[in-house]
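Subject: Handing over the structure

Hi there,

I'm passing this structure on to you, along with some notes on what turned up in it. Please have a look at it first, and then read on.

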Amino acid sequence: MLSGVGPAATLATHSISLIADLPVGQYMTDHISIFQPTYTTNTTGKDISFDSLISDYFSWAFGGGTKLCIPHAVELVGFGRVPGSTQPAGVPDYEFMFTASSYVTDSGNYQRKNHRITDSYYSSLFGSLAAMNNDTMSVACMVLHPKAVGYVTIHDNNPASAPKIHPNILGHADDIEVLLECVRHAQKIFNSNPMKKYAPQLHHLNIAECNAYAPDSDPYWICAFKYLATSMYHMVGTCRMGPATGDPTTVVTQDLKVKGFPNLRVADGSVLRYSVSGHTAAPTMMVAEKAATKIKADHGL
């Protein structure tokens, strides 16, 4: 956009000469998520803990099979559909990722900061959990096909300025319903017979703004989403791929070339038209492989 390729009105606002009027930065979707619910168990010392990392490392290095073998601390991944789903048959609406940890596992030093939970909010919501010695279990619930659409744009015409990002999380009521259904599905698993030996107890989030609602009620969770929902950093759609003509929502062609610029390609997740039914790493690698193949073909390689 700073180079003159983007929405004409935006560039004019910032006195940037227009080279091509394309919807750069528009149609952004992202996987909305919440790292909840969290349960305590009747065990200690079994969950993933920073305190045991050193011993786990040496055990893994010489024998394997320790907690360090768990990919990103996620021990179970599942998918589900909401009643009356509008997705095609077999396509899930949400994903959940179970982990033997919680925001307090790292003593509040890392994960909650990644999700922009302040010191005071962490103390209010998770202080009582941190004071316990019980192991914890949590699930990350994720909306796979959000209907809320955001955008990314520029603040001004200064290349050193940070971009302006408006994710529009929870901007569509259907996304809230999907997130709630995911939470309820996860709770059924926590309360299932195989889990009873751990006596899981739901940790109540003491969110002052939501305490007018009964704990664990649908209205309570919907209120909690407003304060704890976050990004999975799976943004796509801001340089949509599509046909070279006839679709004003696209920025790049099916060869990944920016429309009107035969020697300029975009090769990242921004070309994906919609959020995928999973994480974006593999599709982005696929896009990069496609770009490499096209470039080699252009040069007869």
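Which residues do ring pairs link into a cluster? They are Tyr39, Tyr94, Phe96, Phe98 and Phe190. Please keep in mind that this is a predicted model.

Let me stay with the rings for a moment. The structure holds nine aromatic pairs. One of them joins Tyr94 and Phe96: the ring centres are 6.2 Å apart and the planes meet at 35°, so this pair is tilted. Tyr94 and Phe96 are both buried.

Another tilted pair is made by Tyr122 and Phe126, with 6.0 Å from centre to centre and 35° between the planes. You will find both residues in helix H4, which covers residues 119-130. Tyr122 and Phe126 are four residues apart there, about one turn of the helix. Both of them are buried. Tyr122 also has a charged neighbour: the charged end of Arg112 sits over its ring, 5.0 Å from the centre. A similar arrangement involves Arg240, whose charged end sits over the ring of Tyr27 at 4.8 Å from the ring centre.

Helix H4 also holds Gly127. Is Gly127 buried or partly exposed? Its relative accessibility is 27%, so Gly127 counts as partly exposed; the buried class ends at 20%. Gly127 and Asn206 are 79 residues apart in sequence, yet their C-alpha atoms are 10.0 Å apart in space.

Now to strand S7, residues 136-143. Why is strand S7 described as largely enclosed by the rest of the structure? Eight of its eight residues are buried, so that description follows. In a regular strand, side chains alternate between the two faces of the sheet. In S7 both faces are covered: Thr136, Ser138, Ala140 and Met142 are buried on one side, and Met137, Val139, Cys141 and Val143 are buried on the other.

Here are the strands that pair with S7:

- Strand S3 (residues 32-34) runs antiparallel to S7 and is joined to it by two bridges. Ile34 has Cys141 as its bridge partner in S7.
- Strand S4 (residues 38-40) is also antiparallel to S7, with three bridges between them. Thr38 stands opposite Ser138 of S7.
- Strand S6 (residues 94-99) pairs with S7 in the antiparallel sense over six bridges. The bridge partner of Phe98 in S7 is Val139.

Phe98 is a good place to finish, as it brings us back to the ring cluster we began with.

Enjoy exploring it!

Best wishes

Definitions and conventions:
Residues numbered from 1 in each chain as written. Predicted model: local features only at pLDDT ≥ 70, side-chain atom pairs only at ≥ 80, totals over all residues. Heavy atoms only, no water. Phe/Tyr/Trp six-rings, centres within 6.5 Å; stacked < 30°, edge-to-face > 60°. Buried < 20%, exposed > 50% of the residue type's maximum accessible area, 1.4 Å probe, protein only. Lys NZ or Arg CZ within 6 Å of the ring centre and 35° of its normal. Pairing = 2+ DSSP bridges.
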